[in-house]
Amino acid sequence: MKSYPEYSNKTRYKINPIQYAVIYIFLSSHFKKIVNMKNFKCFSVLVILLSVFTFKASAQGVETAMEVTDKSQTVNKKEMADMVRAEFLHAWKGYKTYAWGYDALQPLSKKPHNWYKKSLLMTPVDAFDTMILMDLTEEAGEARELIFKNLDFDVDMDVQNFEVSIRVLGGLLSAFELDGDRRFLSLAEDLANRLMKSFNSPTGMPYRYVNLKTGATSGPVSNPAEIGTYLIEYGTLSKHTGNPVYYQTAMKAMTALYALRSPLNLTAEGINVETGKVTNPISHISGGIDSYLEYMLKGSILFNDKQLSSMWTPTIDAVNKYLADKTPEGLWYGQVDMNKGKRTGTSYGSLDAFFAATLAMNNDLERAAALQNSNYRMWMLNGVEPEQLNYSTMKVENASYILRPENFESAYYLYQYTQDERYLDMGKNMFDNLVTFCRTDEAYASLKDVQTKEKQDSMESFFFAETLKYAFLLFDESDKLNFHKVIFNTEAHPYRRD
Ligand code: DMJ
């Protein structure tokens with residue numbers, strides 16, 4: 001029987017001081033009656049009161065957390081991998097039936113949705129390599145046909161550089177590596193040549209938006225994630241095309257961004273790519289900065305780039321020194337002022353959960369394990385993790401869950417590095433809850449509120465690309481993908497390290 005000492009006792013229901021006081025006053029004023037059993041009514045009231053308290057705790061999900069963490073199990077990996085594959089097929093069927101050829105399915109209204117005026121096939125491109133890894137040959141074949149027939153980037157529309165790069169460019173590149181068809185590579189090259197225009201700024205850092213046909217740019221006020229999350233895709237493209245310009249362009253942006261760090265080696269949340277000025281000095285590991293940190297480490301490994309390693313060491317030291325926060329509830333990473341190192345916030349959320357994987361990849365398994373305990377704790381607080389939690393009060397600040405993958409991602413990385421079965425347990429429990437609360441009759445839906453479990457009408461493409469892929473790989477025992485021989489882009493598209 002395994003135990004989770006870091007959080008198992010903390011997740012038990014605790015009676016708060018006011019409740020203690022009420023019980024104490026009640027007991028002391030009726031003590032005699034209760035002992036003598038003369039006043040049966042009073043005794044009944046006490047029992048009802050206690051039951052109400054217990055029920056309240058259960059309704060808040062506290063019991064859920066306790067039950068799951070205390071209940072250890074031997075996970076049947078094959079059974080779990082089959083289950084994840086079956087759930088992929090369930091959601092994929094929904095996309096196919098109601099949104100084939102569009103960017104995404106809105107799972108409650110069962111209506112198709114495009115991000116822009118013309119579909120970029122976000123879902124099929126993002127999902128393709130997951131289907132290959134799951135051996136879903138027929139489904140992958142249909143998606144492949146659709147991509148080669150319909151995907152065309154010569155369209156007069158402004159797109160968000162970051163999202164299109166990690167999902168579409170990223171998906172096409174891993175599709176090429178796994179499938180071998182050079183049409184995937186041609187599409188990737190065409191798309192990258194269009195997106196590259198976004199780097200035409202005075203600093204070399206990219207604008208947020210670029211027009212795929214005209215190359216017109218917009219959105220100079222950006223953030224590190226949208227400036228520094230290109231190296232893995234662009235470097236892989238350079239490798240396959242033999243053209244170094246992609247790697248050089250992404251690297252130039254990354255070093256320009258790195259130059260804007262504070263004297264404490266912390267990264268700012270807001271950057272103007274035209275002036276090179278910091279527009280918001282708050283630093284953290286959350287959305288807006290997250291994948292910049294991730295790509296610094298992953299880039300140094302994938303391309304054996306010494307310049308990136310020398311940037312990474314002071315960066316991760318500063319992150320652990322100033323952003324990490326050990327509380328009685330566990331290890332977390334919050335917000336600080338980049339210049340003073342002074343704490344400005346204690347928010348942590350589903351996006352931040354990726355950092356346990358990054359720490360593990362950095363060989364810091366102690367911190368990684370501690371953070372994954374917090375990640376799991378965050379997930380089980382209400383049965384499904386919220387977008388944002390205040391870890392100093394353990395109160396939910398943003399209650400939505402949009403089918404994000406990061407918690408599964410970190411469980412997968414930690415299992416790969418440690419082979420510790422607790423991560424299989426975590427994965428199984430999180431996945432079971434995902435199915436319980438997010439499955440719809442014909443697909444999967446985000447939650448508007450993890451406390452009430454009310455659903456909302458969206459199923460992001462990263463549910464197929466990342467959430468279901470990481471959940472599957474956690475349990476998969478085939479040799480289709482060797483974790484130690486690939487690097488995943490931030491959208492879970494794997495690229496070979498050789
Ligand atoms: C994904 O698009 C990527 O993982 C990105 O880096 C952050 N957010 C989503 C998933 O949550």
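## Exercises on the ligand site and on S446

An oxygen atom of the ligand lies 2.7 Å from an N or O atom in the side chain of E491. Taken alone, the ligand exposes 290 Å², and the protein buries 92% of that area. The model used in these exercises is predicted.

**Exercise 1.** Find which residues surround the ligand, and state how this shell divides into nonpolar, polar and charged residues.

*Solution.* Begin by listing the surroundings of the ligand, which are I166, L351, R404, P405, E406, F462, E466, T490 and E491. Then sort the residues of this shell by character, which gives four nonpolar, one polar and four charged. Finally, place the ligand in the protein as a whole, where the space it takes is the second largest pocket.

**Exercise 2.** Besides the side chain of E491, find polar atoms of E466 and T490 that lie close enough to a ligand oxygen to count as polar contacts, for which the cut-off is 3.5 Å.

*Solution.* Take E466 to start with, where an N or O atom in the side chain is 2.9 Å from an oxygen atom of the ligand. Turn next to T490, where a polar backbone atom is 2.7 Å from an oxygen atom of the ligand. Both distances are within 3.5 Å, so each pair counts as a polar contact.

**Exercise 3.** Decide whether S446 is buried or exposed, and describe its setting.

*Solution.* Locate S446 in strand β17, which covers residues 446-449. Because its relative accessibility is 0%, and buried means under 20%, S446 counts as buried. To complete the picture, note that a polar atom of the S446 side chain lies 2.9 Å from the backbone oxygen of S458.

How values were computed:
Residues are numbered from 1 along each chain as its sequence is written. This is a predicted model: local features need pLDDT of at least 70, side-chain atom pairs count only at pLDDT 80 or more; totals for chains, interfaces and linings use all residues. Side-chain values use heavy atoms; hydrogens and water are left out. A residue is near a molecule or strand if one of its heavy atoms lies within 4 Å of it. A polar contact is a pair of N or O atoms within 3.5 Å; within protein, one must be able to donate a hydrogen and the other to accept it, and residues adjacent in sequence count only if both atoms are side-chain atoms. Accessible areas come from the Shrake-Rupley method with a 1.4 Å probe; for residues, only the protein chains shown count as cover. On a 1 Å grid over the protein atoms alone, a cavity is a set of points where a 1.4 Å probe fits but cannot get out, and a pocket is an open set with protein on both sides within 12 Å along at least five of seven lines; lining residues have an atom within 4 Å of a point. A molecule sits in a cavity or pocket if more than half of its atoms lie within 2 Å of its grid points. Ala, Val, Leu, Ile, Met, Phe, Trp, Tyr, Cys and Pro count as nonpolar, Asp, Glu, Lys and Arg as charged, and the others, Gly among them, as polar. Helices (H or I, at least four residues) and strands (E, at least two) are DSSP runs, numbered from the N terminus. Buried means under 20% relative accessible area, exposed over 50%, partly exposed in between (1.4 Å probe, protein chains only).
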